[in-house]
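These are my notebook entries on one chain. I set down what I looked up, entry by entry.

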Amino acid sequence: MSAEQVSSLCDQLVKAVTVIMDPASTQRYRLEALKFCEEFKEKCPICVPCGLKLAEKTQTAIVRHFGLQILEHVSYKYLVFAVLYNSAPLLSQGTQSILEEESHIKDVLSRIVVEMIKREWPQHWPDMLKELDTLSKQGETQTELVMFILLRLAEDVVTFQTLPTQRRRDIQQTLTQNMEKIFSFLLTTLQQNVNKYRRMAQANCRVGIAALNTLAGYIDWVALSHITADNCKLLEMLCLLLNEPELQIGAAECLLIAVSRKGKLEDRKPLMVLFGDVAMHYILSAAQTADGEGLVEKHYVFLKRLCQVLCALGSQLCALLGSDSDVETPANFGKYLDSFLAFTTHPSQFLRSSTQITWGALFRHEVLSRDPLLLAMIPKYLRASMTNLVKVGFPSKTDSPSCEYSRFDFDSDEDFNAFFNSFRAQQGEVMRMACRLDPQTGFQMAGEWLKYQLTSPVDTGPMNSKTGEGLCSIFSPSFVQWDAMTFFSESVISQMFRTLDKDEIPVNDGIDLLQLVLNFETKDPLILSCVLTNVSALFPFVTYRPEYLPQVLSKFVVSVQAPRTRAVKNVRRHACSSIIKMCRDYPQLVLPNFEMLYNHVKQLLSNELLLTQMEKCALMEALVLISNQFKDYERQKVFLEELMAPVAGLWLSPEMQRVLSDPEAFISYVGADNKIADPVLEDPSGLNRSRISFCVYTILGVVKRARWPAATEEAKAGGFLVGYMPSGSPIYRNPCTEQVLKLLDNLLALIRTHNNLYMPEMVARLGETFAKALDMLEVEKNAILGLPQPLLELYDSPVYKTVLERMQGFFCTLYDNCFHILGNAGPSMQQDFYTVEGLATQLLSSAFINLNNIPDYRLRPMLRILPSLSQRLSQKWQVINQRSMLCEDEAADDNPESQEMLEEQLVRLLTREVMDLITVCCVSKKGVEHNTTAAVDGDGDSSDWFPSLTPFQDVCTALLITAYTSLSWKDTLSCQRTTTQLCWPLLKQVLPGNLLPDAVSWFFTSVLKGLQTHGQHDGCMAALVHLAFQIYEALRPRYAELKAVMEQIPDIQRDSLEQFDSKLLNPTLQKVADKRRKDHFKRLITGCIGKPLGEQFRKEVHIRNLPSLFKKVKPSLETDVLENEDGEGLTALFEP
């Protein structure tokens, strides 16, 4: 084709590219131009000359980029020699100067060369490295291009592995063979250009940056010997460059990758040179310089990298020291610790958090934890932690130097809050490790800080919330200090009791602190909550001085009676929880004061309005926990009867029986049919709801907490033991059984009534105010969607919830608690519960009625309804799949996206919980080792369970159908768990029987459908392929129908299938290794393995294998060398 035709076609292409990139172009013209360009690339025979012309320097950058893309496309089509021949001038002369050329032009040029290398080197292009070396000598522009080429080659071959195995192996092995030359070239290039850059040559700075980026691409995987060659010349050069402002970030990246290398300990020893005087000097001076120049993003990024380098150095030291290697504690270890502490005390919360894992490793280390330098650092670390625990640094605020840094690291206050909570938990763990080494110092510091807070005036900060005068918010200076001090005290005191012997515990000091806290009075709810936590933290000292127990109890009980406002609600709950915790962990200690506590509780319960129902029940739970220490069945039974008498009187009253048995009467009793004028203040039926809640809470608390003694002899002596099972296991009775069972009928009536509330006619009876009373709470929605709670000041929400919110909470909590009672009744009352007359019938007529109308979010407490729930989930997933296939235009407007997301996530959670339940019920685990194997092979054991269900064919069928149907539901986590833990163990149990051919085909097809849905996820794909392989190998000899299923797989190779089948069906043939059989099977079913959306329509790029460089051709197996007449075959075996 003539030059005129090339020029004419190029003009058209320039116009088309201009239209594509012009924002003012209409969609129609843009699509036409795009179609023209794509057809040109696919069909035009003169792509190379047109591409070269468009790539000339006289064209605009956009047109040049398109021209180079044409050449890249041609290289994909394997016209490599044409591109190779014509692209050499582009590399040497086809670009602008290094400072003027666009980065995307350099990128596409390097891509073209790398694509050619991937297809031709080393077999057809043995001098490639020499040519690149020659090219680099033409100037800075070409040197930078060579760096880009070498970097992209390493990324494609080693990092991303984007080419066939044999080509990748050939190229990587050749790179490895030439690595000494490549590293020498990179280091020389870096050294020369740094020297020129120091003479203010900006072009050489660009080359230096490119060389560092290229080194970073190689340091990660080359042999460590190259990194540490010539007395660690590379590491020395990188340390020097840390003080070059333009190159320091790249140098720090390279240093970080080098120091983070794993491998043989012997090979990593030379990295300890970085603890030497020179290296440590350069690292620390660079950090000081960067930090001293104020908060500039570039310097801050560099500081982060240096912090990571020091962390990695610490990890290497921990790995090498104390192992079989002869590494000793570095002479500069003290200097290292000082510099590391400087990062721990930096204003940036992110930098502080980055050091914690390394501190933990140092404090845990067998050798370093005994080093005097590290032990001397513990008080400094703890002092730094006291500052770091203070929750400041919110991006939206300006009350701390940390805030400015947080604006670089976090998008919102919520992000910062989530980060800080995680950071604080991590810090607590490291503090406990430090206190294991020096518990006395930690306790002394906690005591000093506690005394300081007790005597400091309250600083509420700016009054920007609805707290009322003189009360703290969660951002108040006083509260953040109290909060940090409380966390610190909890961490160090608990560790001290675990570390020191009893006679070493500073009891007097601890009791003095406890007295100070008990005598401290405050009306601020937030600070009072911290005070209660400190009482709990110091409570172990009471085990040495029991006479202080009444004071502690009084402190908690007084807090429970604090005025009922929203601000104090959390304090009251906190006090109740503390009492329960105290009675749970120290029941023997509290037992002598039981009567005092009981009298306190009776006094509080005498006033129906004084406490909330949850608070009443919490106090009753604490009493039940202590009553377990009676270890006397009759005494405890009498006590529980007395404790539950008010509940029994209320619950069994004729009015309550009527209300609990009739949905209409129940709606009226709880006030859900009312129309409320003032939805905040007016709530005429609140007391009725609280009475029902009180009864249910109490029943649950007693069922959960009442127990027999753990020791068999004590249980026998106390009258709890009633006999033995045939296996010899003891049979116990629970002192709460009689009281709870007489309340069971009304409980089941309440569950029946609650289920019937979802009937359309009952929903219609709800009042206008309560039309959404049965809907999900916002808190539940956020939890299901995984949304963080908004970070509000404690008092920025209304003081009182609306009556609708209270009604929603009532229905939700009541329903959950009813099923919690049923769930705990079995373990608590055992045979006495399961032998209740007509129990199964009663459960079926209460918990299992009207299920079709009950929404998904209320089904989760009752997951044992498997057959009907399986069908329901199938229908839900069908709706979700149909919804995902609809175009946006076809989607219904009456179901907003947020609601769809909520429904979909809820179905996911239900699915996971159902599959987990089936797994727990059906598959028994045989210890840790068996668990590990089962997870990989999907081969758990259901033999203990399945025979008992053999008569119930419907249940077995339902379980199998549920498990295998779920494989194609679009929930990756559920699919992977079910595949690895459930599907094969269930199917294996029915294999000995005669399965219907259609059933076998359905099981196998279900697995293949799962592969089509989840094949894009590696974990799911591997598990499903293994399951399909197990089914086919086990059942194909008996069921020829499986072959018919295989033949329907798209693009299956029939001859390969025949070969696989013949080996499988012929037992006389030598069996191929399991891995090879599985790989063969995987190749057969490739056509049904789903791909990610981004790859479904991608045009495949084929790279042909070249003659292998490193693999000798094996002699043919058909000829026996020993039978060669001349004996030449035998000698050939020994030829090199």
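What share of the 1136 residues in the chain is buried? I find that buried residues make up 51% of them; buried means under 20% relative accessible area, exposed over 50%, and partly exposed in between, with a 1.4 Å probe and protein chains only.

**Entry 1: basis**

I am working on a predicted model, in which local features need pLDDT of at least 70 and side-chain atom pairs count only at pLDDT 80 or more, while totals for chains, interfaces and linings use all residues. Residues are numbered from 1 along each chain as its sequence is written, and side-chain values use heavy atoms, with hydrogens and water left out.

**Entry 2: overall fold**

I count 59 helices and 2 strands in the chain. Helices (H or I, at least four residues) and strands (E, at least two) are DSSP runs, numbered from the N terminus. I then looked up contacts, meaning heavy atoms within 4.5 Å. Among those between residues at least 6 apart in sequence, 74% join residues at least 24 apart.

**Entry 3: nonpolar cores**

I take a nonpolar core as a set of buried Ala, Val, Leu, Ile, Met, Phe, Trp, Tyr and Cys residues joined through side-chain atoms within 4.5 Å. The largest one has 327 residues, and W359, F666 and Y964 have the most contacts inside it. Helix α17 (residues 297-320) gives the most to this core, with 13 residues. Another core, of 7 residues, lies apart from it and includes F416, F419, F420 and F423. I also listed the neighbours of Y964: leaving out residues up to four places away in sequence, Y964 touches C983, W984, L987, W1002, F1003, S1006, V1007, L1027 and I1031.

**Entry 4: helix α36**

I turned next to helix α36 (residues 663-670), where 6 of the 8 residues are buried, so the helix is largely enclosed by the rest of the structure. The buried residues are P663, A665, F666, I667, Y669 and V670. Their cover includes α35 (654-661), α37 (686-705), α40, α41 (760-763) and α43. At the start of α36, a side-chain oxygen of D662 reaches to within 3.2 Å of the backbone nitrogen of E664. I class this as a polar contact: a pair of N or O atoms within 3.5 Å, where within protein one must be able to donate a hydrogen and the other to accept it, and residues adjacent in sequence count only if both atoms are side-chain atoms. Just after α36, G671 takes a positive phi of about 85°.

**Entry 5: cavities**

On a 1 Å grid over the protein atoms alone, a cavity is a set of points where a 1.4 Å probe fits but cannot get out, and lining residues have an atom within 4 Å of a point. Grid points are joined across faces, edges and corners, and a volume is the space filled by probe spheres set on the points. I obtain 3 cavities of 30 Å³ or more. The largest cavity holds about 50 Å³ of space. Its lining consists of I699, V740, L741, L743, L744, L747, I821 and M829. The elements that give two or more residues to this lining are α39 (737-741), α40 (744-756) and α43 (803-829).

By class, the lining of the largest cavity has 8 nonpolar, no polar and no charged residues. Here Ala, Val, Leu, Ile, Met, Phe, Trp, Tyr, Cys and Pro count as nonpolar, Asp, Glu, Lys and Arg as charged, and the others, Gly among them, as polar.

**Entry 6: N734**

I located N734 in the loop between β2 (730-732) and α39. N734 is buried, with a relative accessible area of 0%. A polar atom of the N734 side chain lies 3.0 Å from the backbone nitrogen of C736. Leaving aside neighbours within four places in sequence, N734 is in contact with Y633, A706, R707, W708 and S828.

**Entry 7: F443**

F443 sits in helix α24 (residues 439-455) and counts as buried, at 5% relative accessibility. I note that the C-alpha atoms of F443 and D509 are separated by 9.5 Å, with the two positions 66 residues apart along the chain counted as their separation.

**Entry 8: backbone geometry**

I recorded a cis peptide bond from W121 to P122, with omega near 0°. P122 is in the loop between α6 (103-120) and α7 (128-136). C232, in helix α13 (residues 229-241), has a positive phi near 60°.

Methods: 1 Å grid on protein atoms, 1.4 Å probe; cavity = no way out; pocket = protein on both sides within 12 Å on 5 of 7 lines; lining within 4 Å.
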